[in-house]
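Q: Please take a close look at one part of this model, with its helix, the loops that come after it and what covers it, and then place that part within the rest of the chain. I am new to this structure, so a careful walk through it would help.

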Amino acid sequence: MMSTLGRGESVNETRELGFTEAVQEIDLRAYLKVLQKWKWLLVLITVLAMATSGVLSFFVLPPVYEAQVVLMATQSAEQEQRVVREEDGLESVVNTVSRLPQMTINSYVGQLKNEALLRQVIKTLKLDPMLYTPRTLAEMIEARAVKDTNLIEVKVSGSDPKLAARIANTLAKEFLEFISKKNQEQMARSVEFLQKQLAEEEKALAKATEALKKYEAEPRGVPLLEKEMTSKVENLTAYRAQLVQAEIEYEQARAAKEQIEEALKKTEPKITVRKFREDGQGTYEAEEINPTYVSLTQMLEEKNVALAEKEAQLKITGESISLLEEEIRDLQAELTDKRAQLERLQGDVERIKKTRDILAEKITQTKIAKSINLGETNLIVVSEAQVPDLPVKPRKMLNITVAGLLGIMVAVAAAFLFEYLDNTIKTPEDVKQYLDLPLLGSIPAMHAGRMKARPGESRP
């Protein structure tokens, strides 16, 4: 038998096959055995990681102090819960132009790191522009909205605790002034725009008023046409009444004529009368014109004349009515057209007046809004930043603890890696496990005059 098994190909292949089959049967004791074998590696890596973290935390990393200022938004878009009417009218458009900016909590938070504001902070504190720029200053600042509140926390981190507190307080102050300044700039632009529109509306109003006056001064204006219309309607009504009365009188005259004709038919034109002779001796009969017949004839002629007059009156009245109706129709068309033009001109004047009044009112409101210090009105400093006594970074003990845990994890991984890469057989158990051969005996090793059995020198 060979005294030692090396790293031959047959041994490696056999060992890999045996290892693959044994993986399924490995238990917790095998893991503990590996860790026990490589315990010096676990201790070394863990101590080295903790020592490195301690050196960095205590001697290399500079202390970082954190100053905090708290702002509270007294009015924000979420809190106001305004009901916005869905309208596209002029007043809605003007309100949009002249309305104060509605800032949400997130809007405030987003504006806390804008470049213009940070430049103003650097200028106010007279910081070295070579060391402090808006970008580096922004990296020192952390702003966040406290959930379910209207509070804003602003934290400034730095190696100088006094400077961190000064930056935090100055940032809060400059932020309030920045909001007010931007509001005033916006309101100034709104006032300028509204005043320009007001001037244009004044010109349009003067032009529309002049057109209305000129139209009302025309010879046949709406008032005159309305009076003429009223007069003609009254005349038409009178003529229609006359026509009705004439028709009644005509019917009465015709009925009377028919009665006279009937009576005349029953009346003889002549009658026989007995007269005394002139000599007084006796009487004689003679025919004379019947006076009743004559009277009826005269009455009939009178009725005929009256009927002719009534017929002429009816004809004239009817023609007058027709003529008046035609004149009224023409006058009505003219009046409608003139009235529509007048209403259009009056509507233009009223519309422009309304627009002018709205613009004038919004200019006044916008000027008032411009004078409001929106920053101090909508934001207040709840808690000013104080000079911190203790640094927040580095967290030395936490860093050392985390480094120790990471060191242990790396050491365990390295131990199992080394164990996996080690493909030599050292113990009788390895012979049984990987070669599946019986152990026949072992050759003791000679050390200092005595024999010592070396488990690693066992022979199959």
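**Helix H7 and its surroundings**

A: Asp148 is exposed, because its relative accessible area of 74% is over the 50% cut-off for that class. This is a predicted model, and the values given here are computed from it. Asp148 is found in the loop between S2 and strand S3, which spans 151-158, and the phi of Asp148 is near 65 degrees, a positive value in a residue other than glycine.

A similar description applies to another loop residue, Lys126. Lys126 is found in the loop between H7 and H8, where it follows H7, and it has a positive phi of about 55 degrees although it is not a glycine. With a relative accessibility of 75%, Lys126 counts as exposed, so its class is the one also given to Asp148.

From Lys126 one can step back into the helix itself. In H7, which runs over residues 115-125, the buried residues include Leu117, Leu118, Val121, Ile122 and Leu125. These residues cover an arc of only 140 degrees around the axis, and they therefore lie on the same side of H7. As for what lies over them, the cover includes helix H6 (105-111), helix H8 (134-140), strand S2 (141-145) and helix H9 (161-216). At the N-terminal end, H7 is capped by Asn114, which has a side-chain oxygen 3.2 Å from the backbone nitrogen of Ala116.

One residue of the covering helix H8 can be followed in more detail. Pro134 lies in helix H8, and it is buried because its relative accessible area is 14%, where buried means under 20%. Leaving aside residues up to four places away in sequence, Pro134 touches Glu115, Leu118, Arg119 and Ile122. Leu118 and Ile122 in that list are also among the buried residues of H7. A further buried residue of H7, Val121, is 13 residues from Pro134 in sequence, and the two C-alpha atoms are 9.0 Å apart in space.

Beyond H7, the next thing to consider is another buried residue. Lys338 lies in helix H11, which covers residues 291-371, and it counts as buried because its relative accessible area is 15%. A polar atom of the side chain of Lys338 lies 2.8 Å from the backbone oxygen of Arg220. Not counting residues up to four places away in sequence, Lys338 touches Arg220 together with Tyr215, Glu218, Val222 and Leu225.

Elsewhere, a contact between two helices can be described. The axes of helix H2 (residues 28-37) and helix H13 (residues 396-421) come within 10 Å and cross at roughly 100 degrees. That angle falls in the range from 65 to 115 degrees, so H2 is roughly perpendicular to H13. On the H2 side the contact is made by Tyr31, Val34, Leu35 and Lys37, while on the H13 side it is made by Val412, Ala415, Phe416 and Glu419.

The aromatic rings come next. Ring pairs link Trp38, Trp40 and Phe418 into a cluster. Rings are taken as a pair if their centres lie within 6.5 Å, and by this rule the count comes to five aromatic pairs. In one of them, the rings of Trp38 and Trp40 have centres 5.9 Å apart and planes at 40 degrees, so this pair is tilted. Phe58 and Phe59 also form a tilted pair, with 6.5 Å from centre to centre and 50 degrees between the planes. The partners in these pairs can be placed by accessibility as well: Trp38 counts as buried because its relative accessibility is 14%, Phe58 counts as partly exposed because its value is 43%, and Phe59 is exposed because its relative accessible area is 69%.

Finally, the whole chain gives a setting for these details. The protein chain has 14 helices and eight strands, and buried residues make up 31% of its 460 residues. Of the contacts in the protein chain with a separation of 6 or more, 78% are accounted for by residues 24 or more positions apart.

Methods
Residues are numbered from 1 along each chain as its sequence is written. This is a predicted model: local features need pLDDT of at least 70, side-chain atom pairs count only at pLDDT 80 or more; totals for chains, interfaces and linings use all residues. Side-chain values use heavy atoms; hydrogens and water are left out. Rings of Phe, Tyr and Trp (its six-membered ring) pair if their centres lie within 6.5 Å; planes under 30 degrees apart count as stacked, over 60 as edge-to-face and the rest as tilted. Buried means under 20% relative accessible area, exposed over 50%, partly exposed in between (1.4 Å probe, protein chains only). Helices (H or I, at least four residues) and strands (E, at least two) are DSSP runs, numbered from the N terminus. The arc is that of the directions from the helix axis to the C-beta atoms. Contact means heavy atoms within 4.5 Å. A polar contact is a pair of N or O atoms within 3.5 Å; within protein, one must be able to donate a hydrogen and the other to accept it, and residues adjacent in sequence count only if both atoms are side-chain atoms. Axes are lines fitted to C-alpha atoms, for helices over the stretch in contact, and angles run from 0 to 180 degrees between N-to-C directions. Angles under 35 degrees count as roughly parallel, over 145 as roughly antiparallel, 65 to 115 as roughly perpendicular and the rest as oblique.
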